[in-house]
Amino acid sequence: MSRVLIIDDTPEYIEMLGDILSDYEIFAAKDGKKGIQLAQKILPSVILLDINMPELNGYEVCRRLKLNKELQNIPVIFLTANEGTNFEEIGFEVGAVDFISKPFNTAILRARVSTHINLYKLQSNLKKEVANRLKEIKNLNKEMMYLAASIAEMKSKETGLHLKRVSSLSYLIATKLGFSENEAQELKMASILHDIGKVAIPDHVLNKPEKLSQVEWEMMQKHAIFGYDMLKESDFELMHLAATISLEHHERWDGTGYPKGIKKEEISLVGRIVAVSDVFDSLLDKRVYKEAWSPEAVKSYFQDMSGKQFDPKITQILLEDFETFLETRNSLEI
Ligand SMILES: [Fe+2]
Ligand SMILES: [Fe+2]
């Protein structure tokens, strides 16, 4: 049953309205302050608000309701009696949706209340529906990204969780660098695709246990550009972020990386982050061409490579909290 809140300082009006609107669950308050408190508690579907009341008048009550995030969308109908000439103007200005004049006409009152309740419900349902759909789209998006990424992963036969670990480690670095939760989440998603370009690299190169020949090595390096080319045309911001990461995750701070050989801040921050998380995880991983490194060996590698291969600031973040990074990585190990 829909809830109707009446705020009026005259008990007779409250009683009268209660009788006429007996199809609804009625709540009432005799002054504005109590009315607002009650509204917060019961979240009514419509508020019938008297204009002339001692202390807070109806306009002020309405202003306050509209400032409250939880209450601002609830329709307010003013109850009016000899309010002068411009009451409607002020009423609409403060956010009312309608007016009902005293003494009440039963049929008009019922019709207006029912119309506004229905509109309000439609609007709230629509909002919920949109929120649900958005969530669904986001989840679908996430799944599709994982799916695409895992194709590249399966092909290169890297340990199953490398992508998830790079993604979580990048998220951890981002939060430590002061990214907002939203930005860190986007990086988390986008970094999954950092090696998507490997789908275009021949298997015999990708999975060769011996050292690659010069030609093979050049071919292997192309995965950065292949990934970029696959992602850059997308209409979605997230894919552009993934494109940048794919392109720049093998660049080095000192300019000796690939494919462009750019250095320092010429490399995007997200590229520098994933460069660290990708190498951190790869070194700890067993690959077809190498054994897994010990945490100590990885730590001293990053100490040596700070300011050479890696952004010193990001390396410092990793080294300062090395245990947390190890734990985060290991928590994703099954
Ligand atoms: Fe890569
Ligand atoms: Fe990787």
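Q: Where is P259 found, going by the loop that holds it?
A: P259 sits in the loop that connects α11 and α12. This is a predicted model, and the peptide bond leading from Y258 to P259 is cis, with omega near 5°.

Q: Which other peptide bond is cis, and what is its omega?
A: The bond joining K102 and P103 is cis, with omega about -5°. P103 belongs to the loop between β5 (98–101) and α5 (106–156). Both cases are worth a look, because most peptide bonds are trans.

Q: Why is G261 called exposed?
A: Let's count its neighbours: G261 has 12 other C-beta atoms within 10 Å. A residue counts as exposed with 12 or fewer, so G261 just qualifies. Like P259, G261 is in the loop between α11 and α12.

Q: What does G261 touch, leaving aside residues up to four places away in sequence?
A: G261 is in contact with G255 and T256. Its C-alpha atom is also 9.4 Å from that of E248, a residue 13 positions away along the chain.

Q: Why is α7 called oblique to α11?
A: Helix α7 (residues 181–191) and helix α11 (residues 237–248) pack at about 60°, and their axes are 9 Å apart. Roughly parallel would need an angle under 35 degrees, and roughly perpendicular starts at 65. The pair fits neither class, and α7 is therefore oblique to α11. Their crossing is right-handed. On the α7 side the contact involves E186, M189, A190 and S191, and on the α11 side L238, L241, A242 and I245.

Q: What makes α6 and α12 oblique to each other?
A: Again, the angle decides. Helix α6 (residues 162–176) meets helix α12 (residues 269–284) at about 135°, with 9 Å between the axes. Roughly perpendicular ends at 115, while roughly antiparallel needs an angle over 145. That leaves α6 and α12 oblique, so the name holds. This crossing is right-handed. Residues of α6 in the contact include R165, L169 and I173, and those of α12 include I273, V276 and F280.

Q: What is notable about phi of L43?
A: Phi of L43 is near 40°, a positive value in a residue other than glycine. Such values stand out because most residues other than glycine have a negative phi. L43 is in the loop between α2 (32–42) and β3 (46–50). With 12 other C-beta atoms within 10 Å, L43 is exposed, since the limit is 12 or fewer.

Q: How do you know that E55 is exposed?
A: E55 has 10 other C-beta atoms within 10 Å, and 12 or fewer is enough for the label. So E55 is exposed. E55 lies in the loop between β3 and α3 (58–67), and its phi is positive too, near 60°.

Q: Why is the protein chain called more spread out than a compact globule?
A: The protein chain has 15 helices and five strands. Its radius of gyration is 31 Å, well over the 20 Å expected from the globule rule for 334 residues, so the chain is more spread out than a compact globule. The C-alpha trace spans about 95 × 40 × 35 Å along its principal axes.

Q: Into which domains is the protein chain divided?
A: There are domain 1 (3–128) and domain 2 (157–331). Their C-alpha centres are 58 Å apart. Across the chain, 34% of the 334 residues count as buried.

Technical notes
Residues are numbered from 1 along each chain as its sequence is written. Chains are lettered from A and ligands numbered from 1 in the order in which they are written. This is a predicted model: local features need pLDDT of at least 70, side-chain atom pairs count only at pLDDT 80 or more; totals for chains, interfaces and linings use all residues. Domain bounds come from an automatic or database domain assignment. Helices (H or I, at least four residues) and strands (E, at least two) are DSSP runs, numbered from the N terminus. The radius of gyration is taken over C-alpha atoms; the globule rule is 2.2 Å times the number of residues to the power 0.38. A residue is buried if 20 or more other C-beta atoms lie within 10 Å of its own, exposed if 12 or fewer, and partly exposed in between; C-beta atoms are placed from the backbone. Axes are lines fitted to C-alpha atoms, for helices over the stretch in contact, and angles run from 0 to 180 degrees between N-to-C directions. A crossing is left-handed if the near helix is turned anticlockwise from the far one by less than a right angle, and right-handed if clockwise. Two residues are in contact if their C-beta atoms, placed from the backbone, lie within 7 Å.
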